[in-house]
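Grab a pencil and work through these exercises with the structure open beside you. Each one comes with a solution you can follow step by step.

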Amino acid sequence: REARFKTPLVIVAPLAVNMLAYDLHPERSFIRFMCDQGFNVYLIDWGKPKRKHASYTLETYIKGFLPQCLDVIRAHSGAAEVSLHGWSMGGGMSLVHAAQTHCKGIRNIITLGTPIDGHANGAAGKNYKRLSALLKKARVNLRKVPAKLMYTPGWVNVIGFKLLDPISAIKGYSELLKNAHDRDYVAQHANQAAFIENLEAYPGGAIRDWFCSIWMENETAHGRFTVGHEQVLLSHVKCPVLCIAGKSDALSNVPCSKALMNVVGSTDKEFFVGPGGHIGIVSGKDAPDTIWTKTLAWLGERSVAV
């Protein structure tokens, strides 16, 4: 295919996921879709963290690995600026990196299902708010919990993911039984199941930092994010931002994600609600005709043409 845009699209994946979500099969591949539309697409795969990597914190990724990856991408593509596409925690890492660097070398940011106001996330958010108040009253600081104690293996994340939205998990198997005669449907279900059943581990320090900033302290709702000993202000994000939320996302609902519009300093910012849950907004059956086409149109207007 012929390149139409000089500005590369960099997919910043969240931790713990495998890369199947972006490339389930030919008709459900966000990567193939954007390549076919003339974008040079790069994907940052964080690998398979082991227990020996438990001490990795969000500072390790945001101040260390992410800038290194972006430098390599800019050198390889020959482009001075890139657009970042961050799903869930990947969106958070993209925003914080952009705020730290005052968007140097970053032309656009797209977030999908990225939680900002953790206490606005339905019943779960209210429970986190109560827990936060109790811990504060008891003078318990979760940020001081040793990283090794917070390390969660991949199989634990699989169970936790399903427990967060058990109805969808059960419904998925029910739909599979109904469509067992449909070879294509069974193949697609197998691919999605392979993604969910093969999550990676969370480095202890990273998940501790994320849990504290988003769900306990809810500092992101007030435009702040703690990275190591530094407090980063999201108001320093000045580049164009497209914030996408899933209509049925239980992990980061619409109010939780929409809060981003109140804290970034961008004048060019847009909020969009698409169909699907936390995975569906990336690779659901309705994503190609809704979220992908919205992403393409928005990004196309803000990228440098060849």
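**Exercise 1.** In what order do the six strands of the open sheet line up, and is the pairing parallel or antiparallel?

*Solution.* Keep in mind that you're looking at a predicted model. Go across the sheet strand by strand: the order is β2-β1-β3-β4-β7-β8, and the pairing is parallel. Now look at the two ends: β2 (41-44) and β8 (269-274) are the edge strands, each pairing on one side only. Finally, check the twist: neighbouring strands are turned by 20° against each other on average, ignoring direction.

**Exercise 2.** Zoom in on β1 and β3, and find out how many bridges join them.

*Solution.* Start with residues 9-12 for β1 and 82-87 for β3; four bridges hold this parallel pair. One spot to find is Val 10, which sits opposite Leu 84 in β3. Next, add the helix that packs on the sheet here: α3 (residues 89-101) touches β1, β3 and β4 (106-112), and its direction makes about 150° with that of β4. Another helix, α13 (residues 288-301), lies across β1, β3, β4, β7 and β8, at about 165° to β4.

**Exercise 3.** Work out whether α2 and α3 are roughly parallel or roughly perpendicular to each other.

*Solution.* First take the axes: those of α2 (residues 58-77) and α3 come within 10 Å and cross at roughly 75°. Angles of 65 to 115 degrees count as roughly perpendicular, so that's the label for α2 and α3. Then see who meets whom: the α2 side includes Leu 58, Tyr 61 and Leu 70, and the α3 side includes Met 89, Met 93 and Gln 100. Sorted by class, this contact has nine nonpolar, two polar and one charged residues.

**Exercise 4.** Two aromatic pairs: what is the arrangement of Tyr 22 and Trp 87, and of Tyr 56 and Tyr 61?

*Solution.* You need two values, because a pair of aromatic rings is described by the distance of the centres and the angle of the planes. For Tyr 22 and Trp 87, the centres are 6.0 Å apart and the planes at 90°, so the pair is edge-to-face. These partners are 65 residues apart, with Tyr 22 in the loop between β1 and α1 and Trp 87 in strand β3. Tyr 22 is buried at 0% relative accessible area, and Trp 87 is buried at 2%.

For Tyr 56 and Tyr 61, 6.1 Å and 75° also make the pair edge-to-face. Here Tyr 56 is partly exposed at 26%, while Tyr 61 is buried at 2%. Both belong to one aromatic cluster with Trp 46 and Phe 65.

Key. Residues numbered from 1 in each chain as written. Predicted model: local features only at pLDDT ≥ 70, side-chain atom pairs only at ≥ 80, totals over all residues. Heavy atoms only, no water. Pairing = 2+ DSSP bridges. Axes fitted to C-alpha atoms, helices over the stretch in contact; angles between N-to-C directions. Contact = heavy atoms within 4.5 Å. Parallel < 35°, antiparallel > 145°, perpendicular 65-115°, else oblique. Nonpolar A, V, L, I, M, F, W, Y, C, P; charged D, E, K, R; others polar. Phe/Tyr/Trp six-rings, centres within 6.5 Å; stacked < 30°, edge-to-face > 60°. Buried < 20%, exposed > 50% of the residue type's maximum accessible area, 1.4 Å probe, protein only.
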